[in-house]
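Visitor: I should like to learn how to read a ligand site and a domain interface in a structural model. Would you take me through one case?

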Amino acid sequence: MILDFSLQELENYVKGLNEPKFRAVQLFEAMMQNKALDEISNLPNAFKQKIEKDYPKYEVVAHLTSKDGTEKVAIKFQDGSIVESVLLKYKYGNTVCVSTQVGCRMGCKFCASTLNGLKRNLTAGEILLQVLFFNRNLGGNLKERKVTNVVLMGCGEPLDNYDNVTKFLKLVSSESGLNISQRNISLSTCGLVPNIKKLADDGFSVTLTISLHAPNDDLRKTIMPIANAYKISEILNACDYYFDKTGRRICFEYSLIEGVNDNDACIKELAQIMRGRSCHVNLIPLNSVKEKSLLGVNRKKAYRIAEDLTKLGISATVRRTMGEDIEGACGQLRNRVGGENA
Ligand code: SAH
């Protein structure tokens, strides 16, 4: 699929078709506006026929709008895989939350994305398409971009799909494309330590968000299998490394699960391990997932915990829940198979 290609790669592609180089720019610009092939007026039909098999094709099989304005789409790719993406409208701009894999193999006990395991990685173009879809739907074009921020917080573990995800980061921040700066992109990971370091070494500077959810390894192992592979201390070292290289403050996500990680001892321990770091803690009252038995704390308790952390010297806020009524909130995205969209 040619949406996976950088402009340079597209130039090689059109050259291979014995077409002039300027066709690459025409194609790139058309794709960045999410145009269908028959909507592109400046390309000859003979050329369109040549590229038809490689041009991005997808179908929107569901498009829901929440009462708070959040939108969720389910996009079906040619192999039948369906991924969900969310548009969150804030005062300062529009954020698209993209999925990076069809399903997920991390197995977190509280998350819907992992229910059917991992089906496959998404390609760079398939991740980009999710942003392009919403940008066009909001009336954006190449001159006027409507999507201002991107979060890699949908279905999948971004650092488990490193090559495609980093290629996506380059495409979405490309000056000739949507030109979304890395400062406006957040990548969330359950903590694949070697790839956190690699991201810094490869020169990326997106906001790194760590799904921590527990202040010690023993508790973390009971809710997140990845804790058996990497210790919290190793994750924190990798975060320090990332901060040193990029200067970007790290964000830690802590989903509050009733009776599991919400007691005073846990919160004190959390403050202890965060102390002295340039970081921010984002508390998320666990959103319900019908197949999972864990419960979230109420928002009042979440605000009290945020206050406790602040008193202990740790910057902390409670994340607004958006799109819960359309199962578009954190941890509620899943890979649906055809017909299972209700
Ligand atoms: N795999 C990546 C990207 C997913 S981001 C990661 O783990 O970071 C989605 C965020 O929502 C993560 O912090 C995830 O741990 C959190 N989350 C998952 N299930 C949730 C739920 N039911 N309620 C609230 N947050 C949840």
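The dialogue below turns to the ligand site and then to the two domains.

Guide: Please note at the outset that this is a predicted model.

Visitor: Which residues come nearest to the ligand?

Guide: There are 20 residues around the ligand, and S188, S211, H213, E253 and N287 come nearest. By class, this shell holds nine nonpolar, nine polar and two charged residues.

Visitor: What polar atoms of S188, G156 and C330 lie by the ligand, and at what distances?

Guide: For S188, a polar side-chain atom is 2.6 Å from a ligand oxygen atom. G156 places a backbone N or O atom 3.1 Å from a nitrogen atom of the ligand. C330 likewise places a backbone N or O atom 3.4 Å from a ligand nitrogen.

Visitor: How much of the ligand's area does the protein bury?

Guide: The ligand taken alone exposes 530 Å², and the protein buries 96% of that area. Two elements, β8 (185-189) and β10 (250-256), each give two or more residues to the shell around the ligand.

Visitor: How is the size of an interface often given?

Guide: It is often expressed as the accessible area lost when the parts come together. Here the parts are domain 1 (1-55) and domain 2 (57-341). About 1,500 Å² is buried between domain 1 and domain 2, with carbon and sulfur atoms giving 54% of that area.

Visitor: How many residues of each domain are in contact, and how far apart are the C-alpha centres?

Guide: In domain 1, 19 residues are in contact with 19 residues of domain 2. The C-alpha centres of the two domains are 32 Å apart.

Conventions. Residues are numbered from 1 along each chain as its sequence is written. This is a predicted model: local features need pLDDT of at least 70, side-chain atom pairs count only at pLDDT 80 or more; totals for chains, interfaces and linings use all residues. Side-chain values use heavy atoms; hydrogens and water are left out. A residue is near a molecule or strand if one of its heavy atoms lies within 4 Å of it. A polar contact is a pair of N or O atoms within 3.5 Å; within protein, one must be able to donate a hydrogen and the other to accept it, and residues adjacent in sequence count only if both atoms are side-chain atoms. Accessible areas come from the Shrake-Rupley method with a 1.4 Å probe; for residues, only the protein chains shown count as cover. Helices (H or I, at least four residues) and strands (E, at least two) are DSSP runs, numbered from the N terminus. Ala, Val, Leu, Ile, Met, Phe, Trp, Tyr, Cys and Pro count as nonpolar, Asp, Glu, Lys and Arg as charged, and the others, Gly among them, as polar. Domain bounds come from an automatic or database domain assignment. Contact means heavy atoms within 4.5 Å. Buried area is the accessible area (1.4 Å probe) that two parts lose on being put together, summed over both.
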